Amino acid sequence: MRGFLLNRLSQSLVLLLIVSVIGFVVLNLIPGGPLAQFGLDPSMTQDDLDRLKEQLGLNRPLWMQYLDWAWRLVQGDWGHSFRDGAPVLDVIGRHIFATLLLMGSSTIIAIAVGTWIGIRGATHRYSVFDYLGTVGAMVALSIPTFWFGLIGIYVFSLQLGWLPAGNMYTIGDGSALNYMHHLILPSIVLALVHVAIWSRYMRSATLDVISQEFVKTARAKGLSERRILMKHVVGNALLPMITLAGVQLPSVLTGALVTETVFTWPGMGRLFLDSLGYSDYPVVMGLLMFSAILVILGNLIADIAVAVIDPRIRLS
Amino acid sequence: MTKDFTTGSTYSRRDALRLMAAGGVACFAAPNLFGKPASAQNLPTTPTGRVVVGLSQEPTVFNPLMAHTEVDDALHFSVFDALFRMDPKGVLQPNLAAEVPTQKNGGISQDGLQWRVRLRDDVRWHDGEPFTAEDVKFTLELITNPKFRAWRTAGHSLVRDITVVSPTEITWRMEEAFAPYLSFLAETFIVPKHILEKEADPNAAAFSQAPVGTGAFKWAQRIAGDHIELVANADYFGEGPYVERLVLKYIPDMTVLYTQFVSGDIDLVDQAYITADHYQEASKLSGRVVTLEPGASVESIYLNLEKPQFKDPAVRQALYAAIDRKTIIDAIYYGIHKPTETFMPQNSYYYNPDLPAQEYSIDKARQILDEAGWVPGPDGIRAKDGVRLSFSNATTAGNNLREQVQQFLQQSFAEIGVEMTISNLPGAVMWGDFWLKSQFDSAISGVTNVIAADPDVTNRLHTSAIVAKGGKGSNTGQYSNPEVDALLEKGARTFDPEARRAIYLRVQEIVRQDLPFLPLFAYTNVFGRKEGLEGFESNANTRVASWHAAGWHWKS
Amino acid sequence: MTAIAANSNLDRWWNSRTARRFMSHHLALLGMVMIALLTLACVLGPYLLPYDSLYIDLRARFAPPLTGSHYLGTDPLGRDVAARLFMAGRISLLVGFSAMLLSTLIGTLVGVIAGYRGGWLGMALMRTVDGFLSFPSIFLVLALAAALKPSPIMITVVIAVSSWMEVARIVEAEVRSLREREFVQAGRMLGLSGTHIMFREILPNAIGPIIVAATLTVARAILMEAYISFLGYGIQPPLPSWGNMLNGAQQYLGTAPWLAIIPGAAITIAVTSFNFIGDGLRDAFDVRGD
């Protein structure tokens with residue numbers, strides 16, 4: 001176990017190095033840069049811009065900027081935002097709650113609904129429900145998330161007026177109910193794709209288990225369908241699903257970014273877009289590294305969890 | 001012939017005199033700095049209520065001296081004070097200063113080099129420390145500190161020998177006479193010496209995350225990516241504040257911003273205001289006051305005059321004649337903007353209303369090009385001496401209305417045998433070197449040319465401001481005219497408003513003739529606020545609607 | 001080169017179980033028909049409509065669907081939405097296809113080399129794949145799109161660069177398992193070159209999973225283009241794409257909802273169809289997927 005962990009950790013570090021190099025190169029390919037925001041300011045002279053460039057350390061060769069950044073990162077210093085001068089980790093920390101709230105609630109919806117559709121589809125194989133579920137999942141996978149969000153806003157906010165068109169809460173009303181009211185539409189929109197993935201997965205996993213001998217035995221013993229399902233099917237199918245949850249993390253993050261832009265949600269996705277717009281390199285790099293760490297950790301935890309729950313799986 | 005375009009220019013000789021005398025007289029009007037609100041008798045005795053201001057960008061720079069953009073002003077104007085403030089009429093009013101120094105009252109020497117500013121003695125920082133001339137000195141020195149990531153240093157870099165005469169008096173010497181500096185000081189907020197002098201690195205000071213000022217509102221808290229909350233400063237030396245809480249709410253999408261204004265979540269729409277297409281609908285809302293306020297920006301097509309296509313004045317004239325400005329303004333911008341012939345804001349004292357008006361005529365445009373020898377080639381695109389009349393046009397990608405204008409112009413120009421391609425870039429790319437170092441063919445942009453209402457446009461139109469040719473400024477169209485250069489140099493040294501006016505009227509005349517850029521319209525902003533929010537006044541001489549939140553109050 | 005090499009094998013497959021299974025997959029067939037119709041409409045449509053997709057008529061702006069001969073209404077510049085939808089379809093489908101081809105090419109090359117050569121090079125290549133997979137693709141795509149001058153070709157490249165990893169993984173795994181098989185060993189004995197073995201012997205046997213992944217990549221590429229263009233970083237006006245038709249649609253959601261509904265529906269139909277086809281192919285090739 002220890003060797004496995006060490007091996008995986010060292011691999012993860014190499015991954016992070018690669019991610020940081022890719023990110024840094026791509027980011028610095030962008031012409032313009034952080035001073036473009038002053039391009040239209042009538043009072044900033046070229047002297048001012050040159051001075052700021054030097055103060056921000058942007059006139060150094062690229063490799064030097066990278067090494068400087070990487071060396072600081074290794075020491076735990078993620079740098080400071082070009083925009084508000086705050087430490088990058090603080091900046092990310094201020095936005096993480098909103099994203100986690102959105103991701104959390106949509107994951108709960110996705111798992112609950114997806115599991116239900118998947119198991120029901122598998123146990124009622126070839127029924128109308130199963131068929132609709134399968135086709136529906138395919139369609140759901142194909143709908144552009146941002147467009148689904150727009151349609152949701154059009155129907156539920158503009159036409160029916162039931163749900164707010166954006167924001168996390170109303171100013172001056174920080175009650176849980178108010179948060180939930182604002183959470184409904186974006187989390188459903190974000191959940192859509194994942195309901196589809198979960199239900200497809202759950203369906204095939206359930207089918208696998210149902211066909212196995214011990215379930216047949218259990219059925220022969222006269223156990224009720226429901227108990228068999230709960231005990232064996234769900235228990236067994238849940239294992240690979242933990243892995244899936246880890247693997248899904250990047251796509252949930254991507255989805256969150258898209259959803260946040262449509263619903264003006266104050267999370268990391270919007271922070272990323274804003275920071276990209278201002279070429280706030282330290283924050284963009286911070287977010288890239290942060291999400292990469294999250295994804296790698298997600299995979300790692302999924303692997304470990306599976307290994308711990310099911311010792312049959314060989315750790316390699 | 002220019003009758004249509006003279007609205008907004010109602011300055012008379014009396015105003016000019018007022019401008020000159022303003023500083024000297026206005027100190028008697030203090031503490032009611034900006035004139036009494038209409039309903040002065042209904043003002044609440046203690047600050048009450050809350051105002052939520054909606055902004056489409058997020059204020060993030062809280063140290064007002066650091067490099068920032070206009071949206072940050074929304075906070076700076078409420079938390080901090082400057083020596084002076086520019087009022088809606090373009091007249092300087094004392095703020096932390098007891099009077100505005102002029103050559104008449106002796107605050108500025110006749111040669112414009114010696115400055116003396118008297119300060120108020122009743123101002124305290126939010127933490128209770130008294131404000132003194134030391135703070136002013138510290139502020140001016142911090143700006144030119146090479147380690148500090150300061151905003152503009154123009155003007156400030158000319159200041160020498162700052163001397164604190166007494167806690168309420170400060171003097172300095174200017175390296176050369178620079179009239180716009182007075183206006184620059186209206187956008188130079190004073191920061192507390194006693195807090196910042198202890199910081200080793202002024203860029204990363206805690207102050208930048210929780211600023212302390214002298215203004216009408218104190219910093220309360222910030223929910224990053226969402227809003228900033230300010231509370232009333234009960235000990236404010238000036239007028240107000242009358243509301244207890246001021247919330248600056250960030251809503252990145254203009255449509256959502258508007259929706260929240262309709263639903264009542266937002267009390268007042270600031271930067272970038274209500275979009276043109278929502279104006280009609282907004283003006284019919286009950287319980288909302290929606291007004292059209294002239295802005296300071298002018299939307300123009302900037303031509304890179306070093307490109308062979310644009311060197312011939314005939315081409316510029318023909319292009320200008322081919323623009324159907326009326327249709328663009330009426331259809332795409334719902335008629336809210338005003339046509340203009342100059343870079344100067346129309347409500348400015350220095351605005352020239354007598355410039356020849358553009359006439360839209362495709363025939364005339366064709367005729368101009370025919371006469372200048374631009375002949376259509378086999379592909380229908382005109383050419384002369386091997387130069388094809390084909391160019392690209394760029395602006396910020398994702399700016400919908402502007403993209404519509406581009407596509408409309410593309411069709412208009414095609415009619416006169418000119419090919420315009422569109423290649424838009426993300427903002428962070430567009431306004432970087434591509435714009436500043438004149439790498440574009442042509443660009444559409446809304447630009448504010450004046451700084452805090454000062455008419456000096458050296459930075460935009462002087463030959464020495466062409467970065468692509470080693471200059472320092474933002475003359476990105478590479479316009480160069482010796483007569484304009486001489487006039488601008490003279491204008492920057494002249495303190496007398498009337499004398500300056502003559503100079504800048506002439507500059508506008510020459511520029512209209514040369515057409516280095518093609519003006520499309522002067523911006524009108526659609527302001528919206530809740531009914532019952534009183535004491536609000538718009539001010540085109542500042543960059544935000546919340547320039548004077550101290551005077552706001554709810555109708556009781 | 002992969003297509004030519006695979007020719008004989010393709011024939012073999014096509015006459016086999018695989019083809020039969022695919023043909024019996026109703027949804028996949030439906031997908032094929034829909035894509036065929038959509039392509040036909042985008043190719044022929046613009047010639048049948050009375051309006052040019054670029055013709056601006058400000059007097060006719062914001063006409064709702066079924067106004068006169070504007071069957072799908074007009075946009076904020078009075079251009080015919082139907083005409084734009086078809087022209088946009090050409091761009092979007094072309095970008096989707098080209099991005100798929102490019103990313104499959106990159107992915108296959110990387111996969112084959114990594115899988116066949118293995119060792120240090122294979123390790124480095126596969127860690128790069130992992131690296132690319134470790135950040136949400138949208139981060140990469142947006143950063144890249146902001147870096148490059150937006151044009152259909154650039155967008156295609158950007159999408160391809162962010163979506164080749166899956167193919168690379170699939171191919172690498174296939175190749176790694178195939179390289180020890182008898183026919184490859186035999187080839188080696190005969191003294192065939194590494195390149196020959198990689199592309200002539202091994203690759204054709206991995207063609208099934210590649211085709212499945214490629215089909216799904218078209219679907220993803222269309223979605224990706226839509227999103228980049230929606231944010232304004234993608235295809236630039238006046239050239240229409242389904243994505244940039246949606247750019248600005250949010251602004252007019254209240255007054256002109258068709259501007260948002262119509263292009264979005266087109267995207268959904270196209271992407272659903274490709275996903276159906278991919279699903280059918282997966283069943284047909286008997287590829288185990290998630």
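In the predicted model, strand β5 of chain B, which runs over residues 159-166, is hardly covered, for the count of buried residues among its eight residues is zero. The partner of β5(B) is strand β6 of chain B, residues 169-174, and the two strands pair in the antiparallel sense over five bridges. Within this pairing B:T163 of β5(B) stands opposite B:T171 of β6(B), and the connection from β5(B) to β6(B) is a hairpin that passes through two residues.

A further antiparallel arrangement in chain B is an open sheet of three strands, which follow one another in the order β12-β13-β14. The edges of this sheet are formed by β12 (375-376) and β14 (387-388) of chain B, each of which pairs on one side only. Strand β13 of chain B, made up of residues 382-384, pairs with β14(B) in the antiparallel sense over two bridges, and here B:A383 has B:R388, in β14(B), as its bridge partner.

These strands belong to a chain in which 16 helices and 20 strands are found. The radius of gyration of chain B is 24 Å, close to the 24 Å given by the globule rule for 556 residues, and chain B is therefore as compact as a globular protein of that length. Taken along the principal axes, the box filled by the C-alpha atoms of chain B is roughly 75 × 55 × 50 Å. Of the 556 residues of chain B, 55% count as buried, whereas β5(B) has zero buried residues among its eight. When contacts in chain B with a separation of 6 or more are considered, 71% of them are accounted for by residues that lie 24 or more positions apart in the chain.

Chain B also touches chain C, in a contact to which chain C gives 19 residues and chain B gives 20 residues. On the side of chain C that touches chain B, the residues divide into 11 nonpolar, six polar and two charged.

In chain A, helix α4 comprises 36 residues, from 88 to 123, and at 1.5 Å a residue these should span 52 Å; the end C-alpha atoms of the helix are 50 Å apart, which agrees with that expectation. The course of α4(A) nevertheless includes a kink of about 35°, centred on A:I96.

Methods
Residues are numbered from 1 along each chain as its sequence is written. Chains are lettered from A and ligands numbered from 1 in the order in which they are written. This is a predicted model: local features need pLDDT of at least 70, side-chain atom pairs count only at pLDDT 80 or more; totals for chains, interfaces and linings use all residues. Two residues are in contact if their C-beta atoms, placed from the backbone, lie within 7 Å. Ala, Val, Leu, Ile, Met, Phe, Trp, Tyr, Cys and Pro count as nonpolar, Asp, Glu, Lys and Arg as charged, and the others, Gly among them, as polar. Helices (H or I, at least four residues) and strands (E, at least two) are DSSP runs, numbered from the N terminus. The radius of gyration is taken over C-alpha atoms; the globule rule is 2.2 Å times the number of residues to the power 0.38. A residue is buried if 20 or more other C-beta atoms lie within 10 Å of its own, exposed if 12 or fewer, and partly exposed in between; C-beta atoms are placed from the backbone. Two strands pair if DSSP finds at least two bridges between them. The expected span of a helix is 1.5 Å times one less than its number of residues. The bend at a residue is the angle between axes fitted to the seven residues ending there and the seven starting there.
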